[in-house]
Amino acid sequence: MEDILNMTALELGSAIKRGEISSPEAVARVFDAIETKDKAINAYITLNRDQALERAAVVQQKIERDELTSPLAGVPVAIKDNICTKGIKTTCASKILGDFTPPYSATVTQKLETAGMVICGKLNMDEFAMGSTNETSYYGPVKNPFDTSRVSGGSSGGAAAAVAAREAVCALGSDTGGSIRQPASYCGVTGLKPTYGAVSRYGLIAYASSLDQIGPVARDVADCAAILGIICGHDPADSTSLDISHPDYTAVLDGGVRGMKIGLPRECFEAGLDSDVADRVRAAADTLRGAGAVVEEVSLPLLDYVVPTYCIIASAEASSNLSCFDGIKYGMRSRNYDGLTDLYNATRSEGFGDEVKKRILLGTFVLSSGYYDAYYRRALQVKALIKNHFDAIFEKYDLIVCPTSPTTAPRLGESLSDPLKMYLSDIFTASANIAGLPGLSVPCGFDRVGLPVGMQIIGQRLGEVKVLSAGYAYQQLTSYHKTAPGGDLR
Amino acid sequence: MRTAKEIVEYVAELSRIKLDEDETEKMIKELGEVIEYMDILQGLDTEGVEPMSHVFPITNVMREDEVTPSFEREDILRNAPERTDETLVVPKTIE
Amino acid sequence: MTWETVIGLEVHVELATKSKIFCGCSTEFGGAPNTHCCPVCAGMPGTLPVLNKKVLEYALVAGIALGCKINRYNKFDRKNYFYPDLPKAYQISQLYLPFARDGRVEYVTRSGQKKVARIREIHMEEDAGKLIHSPYGDVSYPDFNRCGVPLIEIVSEPDFRDSEEVLGYLMWLKSTFEYLGISDVRMEEGSMRADINLSVRPGGSDRFGVRTEMKNINSFKAIERAIIDESKRQIELLEAGGRVIQETRKWDDNKGRSFSMRTKENAQDYRYFPEPNIPPILISEELLRTLAERQPELAHEKRERYIREYGLSDYDAGLLTEKKALAELFERTADLCSDPKETANWMLGDMMYLMNRDSVTAEELNIDPAQFADFVIAVRNGIINRTVAKSVFEKIFASHDFNVAKYIEENNLRQIDDAGRIRRIASEVIAENPKTVAQYKSGKTKVFAFFIGQTMRRLQGKANPSLVNEIVTELLNHAD
Ligand SMILES: [Mg+2]
Ligand SMILES: [Zn+2]
């Protein structure tokens with residue numbers, strides 16, 4: 001049998017179902033891989049070995065009694081550390097959350113467990129999901145498995161790197177401005193940000209509530225579809241979760257792209273785009289054309305406004321969402337303070353990293369009296385314009401295809417020196433968050449130094465079926481998603 | 001018009017984040033850059049555009065008025081940095 | 001120079017839902033600290049609010065009763081500030097599009113003057129927790145049980161000029177919410193409390209002075225005292241050439257004065273923005289119509305009807321309608337005995353006296369309207385006289401299971417209308433007291449009462465009083 005760590009989640013799921021391997025064996029194998037590889041990658045913050053093995057044994061019995069029907073029953077999964085797991089430490093990669101162990105589980109966590117998936121550990125990330133390189137983590141940066149001198153991308157860097165390095169079979173990340181898709185692109189894996197409201201946010205420690213969405217990071221599109229099938233659906237605990245019925249995403253994957261109209265936004269290929277990235281994405285578009293899609297150039301005239309709009313909305317909501325970390329109810333409290341206000345000041349100054357502080361201050365600024373109208377209110381207006389513009393495009397086109405990120409993974413430390421450059425790495429992804437659209441990143445080749453390039457496929461709200469079908473069709477014709485990082489990691 | 005320093009000090013106070021002098025200088029520079037970058041939005045015509053906070057036009061998401069069991073107090077207090085058996089502990093809020 | 005006080009109020013009223021506004025925890029008052037909490041109301045990260053349908057319904061009922069325009073499209077916003085009683089560090093409230101605006105309340109002051117207060121807006125929001133202060137160390141203990149209890153905040157225009165107006169308005173609110181059944185309005189439990197914004201200005205001026213704010217005062221008495229004191233403080237300050245500083249002051253009811261909250265107050269900038277976790281509210285015309293139709297007759301409407309239909313005085317009608325329980329007892333009893341006037345008399349006289357004496361609140365009253373009605377009929381038909389009636393009423397007041405007819409029969413309390421028997425007894429009294437008769441004859445008519453009293457006593461107080469009066473007069477005048 002093939003090494004299970006090279007299997008997709010669905011392949012592993014059916015191997016378990018066929019009795020070729022047991023869930024506890026699969027889980028143990030994952031922990032072995034973590035042991036040998038994670039020192040170099042740093043994808044995990046917390047490992048859940050004992051509980052996971054126990055859980056796997058229970059799941060295995062249920063599978064044998066035919067009580068678990070999910071195709072992913074028994075499959076190990078890792079979870080980004082901003083998703084609450086009852087009884088397992090959840091840190092958001094921040095010092096301020098300290099040893100926070102939630103007394104409740106996120107809805108997605110419960111859904112994974114109900115389906116029989118086994119949670120192996122909590123994944124590293126940018127602190128509070130604020131960052132695009134995973135260098136803002138209190139627990140240190142995540143390294144790119146294709147080149148450990150490079151960043152994994154962020155903020156779901158741990159998820160992308162763990163899946164790429166074969167120290168996780170599949171993972172859940174979260175995406176506020178590109179945080180699933182961009183690291184997926186940097187690490188050569190497949191990642192989906194679902195339509196806003198398709199997946200419950202209950203238990204996701206919020207960065208920007210109106211933009212955040214949980215989604216799968218996996219080896220391929222089929223795995224993403226299968227995981228989406230498990231985590232999607234209406235949740236009465238999340239008022240923004242959509243009360244609709246979802247299709248069986250796995251079952252409708254092979255619809256192909258024949259006859260689909262795909263827009264290729266001209267502006268994405270202009271200045272600032274790495275030429276290798278441009279070439280690979282154009283080639284990928286040609287592959288889709290070859291499979292029967294109609295690919296045409298479209299225009300995204302508002303592209304330059306996307307990142308500023310995202311910065312304002314995300315930082316504003318973050319400044320409010322992160323106020324609850326005040327040294328009183330959970331997490332750390334400074335040892336040096338004099339009175340209440342100083343307790344707040346000292347705890348938050350010691351507990352948050354620089355990038356988080358910066359975004360909190362920025363968010364406070366755009367909401368503060370005298371600036372609200374010029375920044376926050378205006379950003380909400382531009383949000384409406386961006387959304388309307390996408391709606392207009394989707395009246396004529398089924399999908400939009402563009403690079404996931406303007407470059408491949410930069411070197412560690414490189415983007416921290418230029419914050420604006422880091423923000424700009426979200427330029428192609430953030431509009432999907434602003435307009436609530438589903439976005440998928442699939443590997444579409446490598447640049448001149450062998451780093452993965454990602455193609456992004458964006459659909460209309462609730463257009464997951466088309467997005468996944470196009471990604472799936474592409475992966476039927478290519479093998480970039482099967483290419484593991486080379487060298488000693490293999 | 002407030003100076004950049006006054007603005008940074010003001011938002012730091014509102015945010016309950018203490019900045020030393022070096023940090024304040026760094027924030028003035030970095031926030032200044034980002035804000036300048038965000039100012040591109042000022043050039044866009046948004047006249048008459050209704051600000052949009054929710055992308056889906058859903059309304060009236062509500063639950064019935066039914067009591068569900070509360071959590072064990074221990075689960076509410078367990079993560080606290082300082083506590084008694086019944087409550088959290090904070091510096092006195094009145095004199 | 002004369003001064004005019006200008007007062008605006010922000011009144012917080014807790015809505016009487018079973019569960020909290022954004023989670024299923026109980027709203028019950030008085031649980032052990034932090035026992036009515038869950039991750040949502042305790043502000044744990046990752047949790048999300050889901051609006052309680054009943055909160056919106058109760059809020060709308062209040063908005064309609066206060067004559068507001070209902071914003072059919074309204075939204076929640078976040079109000080951001082740090083305080084240990086606010087675990088999320090923001091309060092979910094409404095600022096940009098509250099559910100109700102532009103209302104109008106007509107109320108009557110204690111001295112009977114009709115006044116109008118304009119309502120600027122009403123919004124829904126969540127309550128904060130409570131801080132228990134250690135009497136020893138430098139610490140406080142947050143209790144989150146009240147966190148997330150639903151509130152409406154009623155913001156008035158600065159339309160009040162003294163404490164009497166403020167109290168009249170607050171009484172109106174209290175009785176209205178009680179009638180509507182949307183709040184317990186128990187001030188002592190904090191379910192209704194007022195923030196007082198107060199300024200003074202020279203009489204005749206139409207500009208506002210600098211105002212101060214006193215927050216969370218939760219008894220009528222304290223509100224009255226705080227207004228009088230603060231208005232006096234500001235006038236004295238201005239007359240001495242000083243300036244009023246815009247500030248929040250804490251009213252200390254024990255010391256009878258307010259204090260500046262001069263602890264270096266952090267900048268007040270709440271950075272309101274639309275709550276991303278709660279989709280907007282859209283209220284249908286139909287829901288509004290249903291709620292308006294379901295609106296019961298309110299205190300002030302009843303009051304006017306009592307004056308009009310029963311000929312009660314404004315004051316009496318006011319007393320009977322102030323509490324829903326009283327008005328209900330009155331209407332049910334009057335209905336059964338068809339004698340509103342007599343029913344009102346007993347309630348306003350003996351019943352109020354007994355309530356006072358025994359410290360019984362309107363809600364605690366335990367009078368069976370059917371028995372009360374039988375009683376009123378018995379009095380009206382002269383089956384018992386007024387002296388006996390007073391003691392019978394006390395029994396009705398004391399027990400719900402009391403049976404009037406049975407009690408009158410078993411204790412033989414029927415009024416004595418037998419003129420012959422009364423005459424016989426009265427004659428005995430006159431014959432036994434020749435000295436007193438002589439006094440009466442010599443013009444000391446005051447002793448007349450003595451003969452009435454003695455005769456009544458010998459008839460166990462049950463005699464028809466007018467008959468006794470008539471017979472005693474006749475006998476005395478004919479005595480030799
Ligand atoms: Mg308020
Ligand atoms: Zn609760």
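This report describes two metal sites, two chain contacts and two single residues in a predicted model.

## The metal sites in chain C

The zinc ion (ligand 2) is held by four sulfur donors, namely the SG atoms of C:C23, C:C25, C:C38 and C:C41, which stand at 2.3 to 2.4 Å from the metal. Read along the sequence, these donor residues follow the spacing C-x1-C-x12-C-x2-C. The angles among the 4 donor atoms run from 101 to 115°, and the site of the zinc ion (ligand 2) is tetrahedral. For comparison, the ideal angle for four tetrahedral donors is 109.5 degrees. Two of the donor residues can also be described by their accessibility: C:C23 counts as buried because its relative accessibility is 6%, which is under the 20% limit, and C:C25 is buried as well, with a relative accessible area of 1%.

The magnesium ion (ligand 1) has carboxylate donors instead, since C:E125 is listed with two OE entries and C:E153 with one OE entry, at 2.0 to 2.6 Å. C:E125 belongs to strand β8 (residues 114-126) of chain C, while C:E153 belongs to strand β11 (residues 150-156) of chain C, so the pair ties together parts that are 28 residues apart in sequence. Both are buried: C:E125 has a relative accessible area of 3%, and C:E153 has a relative accessibility of 9%.

## A buried arginine in chain C

Where in chain C does C:R193 lie? C:R193 is part of strand β12 (residues 192-202) of chain C, and at 13% relative accessibility this arginine counts as buried. The side chain of C:R193 makes a polar contact of 2.7 Å with the side chain of C:D127, and the side chain of C:R193 also reaches the backbone oxygen of C:G190 at 2.9 Å. If residues up to four places away in sequence are left aside, the residues that C:R193 touches include C:E10, C:V11, C:H12 and C:E14, as well as C:L151 and C:N216.

## Where chain B meets chains A and C

Chain B takes part in both of the contacts listed in the table, where each row gives the residues, the buried area and the paired interactions of one contact.

| Contact | Residues in contact | Buried area | Share on carbon and sulfur atoms | Salt bridges | Residue pairs in polar contact |
|---|---|---|---|---|---|
| Chain A and chain B | 70 residues of chain A, 49 residues of chain B | about 5,300 Å² | 69% | 5 salt bridges | 20 residue pairs |
| Chain C and chain B | 55 residues of chain C, 35 residues of chain B | about 3,900 Å² | 58% | 1 salt bridge | 25 residue pairs |

In the contact of chain A with chain B, which buries about 5,300 Å², the residues A:Y305, A:L361 and A:R378 supply 12% of the area that chain A buries against chain B, more than any other three residues. One of the salt bridges is formed by the side chains of A:K358 and B:E30, at 2.9 Å from N to O. On the chain A side, the elements that each supply at least two residues are α9 (303-321), α10 (340-351), α11 (354-367), α12 (373-396) and α13. Among these elements, α12(A) gives the most, with 12 residues.

In the contact of chain C with chain B, the salt bridge brings together the side chains of C:K53 and B:E64 at 2.7 Å, N to O. The elements of chain C that give two or more residues to this side are β2 (51-52), α1 (53-65), β9 (130-133), β10 (139-143) and β17 (281-282). Which of the elements gives the most to the side of chain C that touches chain B? The answer is β10(C), with 4 residues.

## A proline beside a salt bridge

A:P419 is found in helix α13 (residues 419-424) of chain A, and with a relative accessible area of 11% this proline is buried. Leaving out residues up to four places away in sequence, A:P419 touches A:K358 and B:E30, and these two residues are the partners whose side chains meet in a salt bridge of 2.9 Å. The C-alpha atom of A:P419 is separated by 26 Å from the C-alpha atom of A:D326, a residue that is 93 residues apart from A:P419 along the chain.

Conventions:
Residues numbered from 1 in each chain as written. Chains lettered and ligands numbered in written order. Predicted model: local features only at pLDDT ≥ 70, side-chain atom pairs only at ≥ 80, totals over all residues. Heavy atoms only, no water. Donors = N, O, S within 2.8 Å, 3.2 Å for Na, K, Ca; no water. Tetrahedral: all angles 85-135°; square planar, octahedral: opposite > 155°, others 65-115°. Buried < 20%, exposed > 50% of the residue type's maximum accessible area, 1.4 Å probe, protein only. Contact = heavy atoms within 4.5 Å. Buried area = accessible area lost by both parts, 1.4 Å probe. Salt bridge = Lys/Arg side-chain N within 4 Å of Asp/Glu carboxyl O. Polar contact = N/O pair within 3.5 Å; in protein donor to acceptor, adjacent residues only side chain to side chain.
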